[in-house]
Number of protein chains: 2
Amino acid sequence: MAKADADVETDTRTPRERYRAQVRAEIKERAWEQIATAGASALSLNAIAKQLGMSGPALYRYFASRDELITELIREAYRSLAETLRASSTTGADLAELAHALRGWAMEDPQRYFLIYGTPVPGYHAPEDITGIASEIMRTLLDACTALAPDAPAAPFSAHLEDHRDWAGDHPAPAAALHRALAFWTRLHGVLSLELAGHFTDMGFDPALFFAAELDDLLSGRV
Amino acid sequence: MAKADADVETDTRTPRERYRAQVRAEIKERAWEQIATAGASALSLNAIAKQLGMSGPALYRYFASRDELITELIREAYRSLAETLRASSTTGADLAELAHALRGWAMEDPQRYFLIYGTPVPGYHAPEDITGIASEIMRTLLDACTALAPDAPAAPFSAHLEDHRDWAGDHPAPAAALHRALAFWTRLHGVLSLELAGHFTDMGFDPALFFAAELDDLLSGRV
DNA sequence: TTGGGTTCGTTAGAAGTTATAACCCAAGTT
DNA sequence: AACTTGGGTTATAACTTCTAACGAACCCAA
């Protein structure tokens, strides 16, 4: 969005840079299509190159390796999620809206969700900037949790969090809110990931209702 | 276990069959090693064959394709989990023991856990017998949930489950127990999967304590 | 004992994949 | 105008799954 400034000032980038950025974007576009339909493991650089009309190794001018492309996609997914959640709580830090936005975002492209929260590849460690976005997500979640009245009975685990709240940065949320944020995260992820993975199909009940039930329990201020 | 009967009666299988079964087991053994260290996507039939001293395509005498091998591994994982959970509740249907057994089993080999509950590959549908084992797991879970006193306030979602309890088969558990079983499943999976995927690393708190806290909340009979 | 059929293993090869190397050529810079 | 940089190409290496064709060992039966 920042790049779409209505400034009369022409884009400072050279034509080369603009072209390069556009090709990179097109590559990622095709990559997302492949991932959405066949999963991340089936992503083929060769196939993407052919789709773009260029042959094979040309693509390596834009991404050093398959891993680097996937890392970029993960980064993009994180950014998209952070943006979506942040936008959902502009009106006010509302946990219910946050949950709704999360579910909508996840179902929009399940494989994109799994790119972040799915099966990890044993060796992989996300680069620094990605963990930065992750903590931004955590921050908006903490904001919403602080807004909720702390009428939960003091749980032992909340006491533990009191001593281990480094991950919350300098966020002023009380330990109970931290606890609530973790529960919000893990419970909704629990329902969502199993639903998206298809473990509820032909069980008969409505996953949306179950999701709502879990959310209600979260909002009731029990934890 | 059934095959290890102390019968004097010799194994009815021909030597051929015994050899074949042993080679298949050895292949799966190596496959598990690869999966544990590099994830399922890195599983290489060629590498396994070399490790067993035979060259490449020989392996196709034992498994028709890479997919078939992985399917067999998924089957084995399901069986192992079902067995573990069943064994944990022989003394009595205890939700806490069940949760403990689940966590132990998952941490024993995280990639095995993700083979069942991780990122799904878009096209894949598990064969009939595997869904059978899955419902056996659900049955032991339902047993444990029925044993727990139903002091939960009637939730709207429980009413929905009343009308959609096909997945419970002929299990006599009340709808509230069904609800509890689902919550048990999704909440523990939520904590467990995020922990195993490394999303809690360097957050500072102890995942085991959080798992215990979620379990406590489940046991308190709120849902 | 002498076949005949089944099964296991081999090598060869097709069709993919990621990735590197060497080279050409056009665009931008000095 | 010469030079450097960057995008594209083809060729190639080293992988992968998987099929085909062939040889040899084994089992069984006449």
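# Notebook: two chains and two DNA strands

**Entry 1, DNA strand D.** I began with the surface near DNA strand D, where α1 of chain A and three helices of chain B, namely α1, α2 (45-51) and α3 (66-88), each supply at least two residues. I note here that the model is predicted. I then listed the 22 residues around DNA strand D and found that Met54(A), Ala58(A), Asn46(B), Pro57(B) and Arg66(B) come nearest. Sorted by class, the surface near DNA strand D has nine nonpolar, seven polar and six charged residues.

**Entry 2, DNA strand C.** I repeated the search for the other strand. DNA strand C is surrounded by 21 residues, and the closest are Asn46(A), Pro57(A), Arg66(A), Met54(B) and Ala58(B). Here α1, α2 (45-51) and α3 (66-88) of chain A, along with α1 (15-38) of chain B, each supply at least two residues of the surface. I asked myself which helix gives the most to the surface near DNA strand C. It is α2(A), with three residues. By class I have eight nonpolar, seven polar and six charged residues for the surface near DNA strand C.

**Entry 3, chain A as a whole.** I counted nine helices and zero strands in chain A. Reading along the sequence, I wrote the pattern down as α-α-α-α-α-α-α-α-α. Along the principal axes, the C-alpha atoms of chain A fill a box of roughly 60 × 50 × 35 Å.

**Entry 4, how chain A meets chain B.** I looked up the contacts and found 38 residues of chain A in contact with 38 residues of chain B. On the side of chain A that touches chain B, at least two residues come from each of α1 (15-38), α5 (110-117), α7 (156-163), α8 (175-196) and α9 (207-219). With eight residues, α8(A) gives the most to this side. I sorted the residues of this side into 20 nonpolar, 13 polar and five charged.

**Entry 5, symmetry.** I checked how the two chains are related. A turn of 180° with a shift of 0.0 Å along the axis lays chain A on chain B with an RMSD of 0.0 Å. This is the relation of a two-fold axis. Which residue of chain A comes closest to the rotation axis? I found Gly190(A), whose C-alpha lies at 1.9 Å. I also compared the interface residues: 100% of those of chain A are interface residues in chain B too, so the copies meet through the same surface.

**Entry 6, α8 and α9 in chain A.** I looked next at how α8(A) packs with α9(A), and the angle is about 175°, with the axes 10 Å apart. The two are therefore roughly antiparallel. From α8(A), the residues Ala183(A), Phe184(A), Arg187(A), Leu188(A), Val191(A) and Glu195(A) meet Pro207(A), Phe210(A), Phe211(A), Glu214(A) and Leu218(A) from α9(A). I sorted this contact into eight nonpolar, no polar and three charged residues.

**Entry 7, α4 and α8 in chain B.** I turned to chain B for another helix pair. Helix α4 (residues 95-108) and helix α8 (residues 175-196) of chain B pack at an angle of about 30°, and their axes are 11 Å apart. Angles under 35 degrees count as roughly parallel, so I entered α4(B) and α8(B) as roughly parallel to each other. Their crossing is right-handed. On the α4(B) side I listed Leu95(B), Ala99(B), Leu102(B), Arg103(B) and Ala106(B), which meet Phe184(B), Leu188(B), Leu192(B) and Leu196(B) in α8(B). The classes in this contact are eight nonpolar, no polar and one charged.

Note on methods. Residues are numbered from 1 along each chain as its sequence is written. Chains are lettered from A and ligands numbered from 1 in the order in which they are written. This is a predicted model: local features need pLDDT of at least 70, side-chain atom pairs count only at pLDDT 80 or more; totals for chains, interfaces and linings use all residues. Two residues are in contact if their C-beta atoms, placed from the backbone, lie within 7 Å. Helices (H or I, at least four residues) and strands (E, at least two) are DSSP runs, numbered from the N terminus. Ala, Val, Leu, Ile, Met, Phe, Trp, Tyr, Cys and Pro count as nonpolar, Asp, Glu, Lys and Arg as charged, and the others, Gly among them, as polar. Copies are superposed by least squares on the C-alpha atoms of residues with pLDDT of at least 70 in both. Axes are lines fitted to C-alpha atoms, for helices over the stretch in contact, and angles run from 0 to 180 degrees between N-to-C directions. Angles under 35 degrees count as roughly parallel, over 145 as roughly antiparallel, 65 to 115 as roughly perpendicular and the rest as oblique. A crossing is left-handed if the near helix is turned anticlockwise from the far one by less than a right angle, and right-handed if clockwise. A residue is near a molecule or strand if its C-beta atom, placed from the backbone, lies within 6 Å of it.
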